Amino acid sequence: MADYVDRLFCEALASSPATHSVHSAHSKCISKVDSDTSDEEEKDSIERIRSTMMESEGTSGDEEVVRRVAAQLKIFRHVTKDCSVKRGKHVSISERKEKGFKSTSLTYGEIPFVTMALTLEKIKSRGGVRKNKSTFYDLGSGTGKACFAASLLQPFRSVVGIEFLSSLHEVALETKLRFDELPREAVASELSALRFVCGDIISHDWSDADVCFANTTCFKSDLMRALAKKSEKMKKGSWFVTTTKTLDSDHWEVVESIRYKMSWGFATLFHQRKVK
Ligand SMILES: C[S@@+](CC[C@H](N)C(=O)[O-])C[C@H]1O[C@@H](n2cnc3c(N)ncnc32)[C@H](O)[C@@H]1O
């Protein structure tokens, strides 16, 4: 799969006019790959979680974490069963077509549950998640799956997803109805912690975030610049995870970069800590 995506990425890059940037080629690649990783996640969950952890320094060998992630994955699948990557892509493409939105920043793709689990586990191991005190944001939350994952996995006080496309936001709200029916003990975060906002991440306030995630692989440079500027309002010591691109600001230090599986193949996740 990774080879296939790499090949598509190279083809897309080669066929792009010189003026096109790398992320526009990557966007083409993402839209060509329509496999749904949630189907793949069905296979050998525990083994896959364990082997991914073995490859990932700092979380390896913790059987308790493997079992907890595998158990929460079952609940996640139940909650998000009508919410495949394919559906997210379809809904996103339809709205962009209908409204004439051309920006490649709106390209759809997802972080798989296990990738989010390992990412949050690392941030927690570095003191980034304080029980019932920390706030998590997904900036550009799509159908909300990263927020459902965060709520199931870690004891956040608050989990917020902000998404520009209203049709994706509607899917997140529909899925939340199923999430809200879960028994209290199934969810790690505070019960009323999860909310979704429809709007532009640049015009909303998320300066109270302790942990921010943004799937930025296809974000254009103007959006990345605005995101970096706005992120400077976050607290010193807070965390920001981005994909493929880093925040261009001296307020942030890259603590770790790891290649993880995403819905379109592999991408580098940058764990950044706010140093001033
Ligand atoms: C690659 S998808 C990531 C979805 C989800 N965060 C995940 O990783 O599973 C990026 C999302 O960001 C949204 N987006 C792009 N620019 C945005 C903006 N300025 N404000 C809010 N959402 C935005 C897109 O519509 C898209 O749903």
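Entry 1, ligand shell. I first sorted the residues of the shell around the ligand by character and obtained eleven nonpolar, seven polar and five charged. The model I am reading is predicted. I then looked up the extent of the shell: 23 residues surround the ligand. E110, G140, G142, F164 and N215 are the closest of these. Next I asked which elements give two or more residues to this shell. I found α8 (145–153) and β2 (158–163).

Entry 2, α5 against α8. I turned to α8 again, now for its packing with helix α5 (residues 63–79). The two helices pack at an angle of about 145 degrees, and their axes are 10 Å apart. I noted the crossing of α5 and α8 as right-handed. On the α5 side, Q72, I75, F76 and V79 make the contact; α8 brings F148, A149, L152 and L153 to it. I classed the residues of this contact as seven nonpolar, one polar and no charged.

Entry 3, α6 against α9. I looked up a further pair, helix α6 (residues 85–99) and helix α9 (residues 166–179), which pack at an angle of about 145 degrees with axes 8 Å apart. G88, V91, S92, S94 and E95 of α6 meet S167, L168 and V171 of α9. The residues of this contact divide into three nonpolar, four polar and one charged.

Entry 4, confidence. I recorded a mean pLDDT of 85 for the chain, with 81% of its residues reaching 70 or more. Over residues 1–37, pLDDT stays under 50. For that stretch I noted 48 contacts beyond four places in sequence in the model.

Notes: Residues numbered from 1 in each chain as written. Predicted model: local features only at pLDDT ≥ 70, side-chain atom pairs only at ≥ 80, totals over all residues. Near = placed C-beta within 6 Å. Helix = DSSP H or I, 4+ residues; strand = E, 2+ residues; numbered from the N terminus. Nonpolar A, V, L, I, M, F, W, Y, C, P; charged D, E, K, R; others polar. Axes fitted to C-alpha atoms, helices over the stretch in contact; angles between N-to-C directions. Left-handed = near helix turned anticlockwise from the far one by under 90°. Contact = placed C-beta atoms within 7 Å. pLDDT = per-residue confidence, 0-100.
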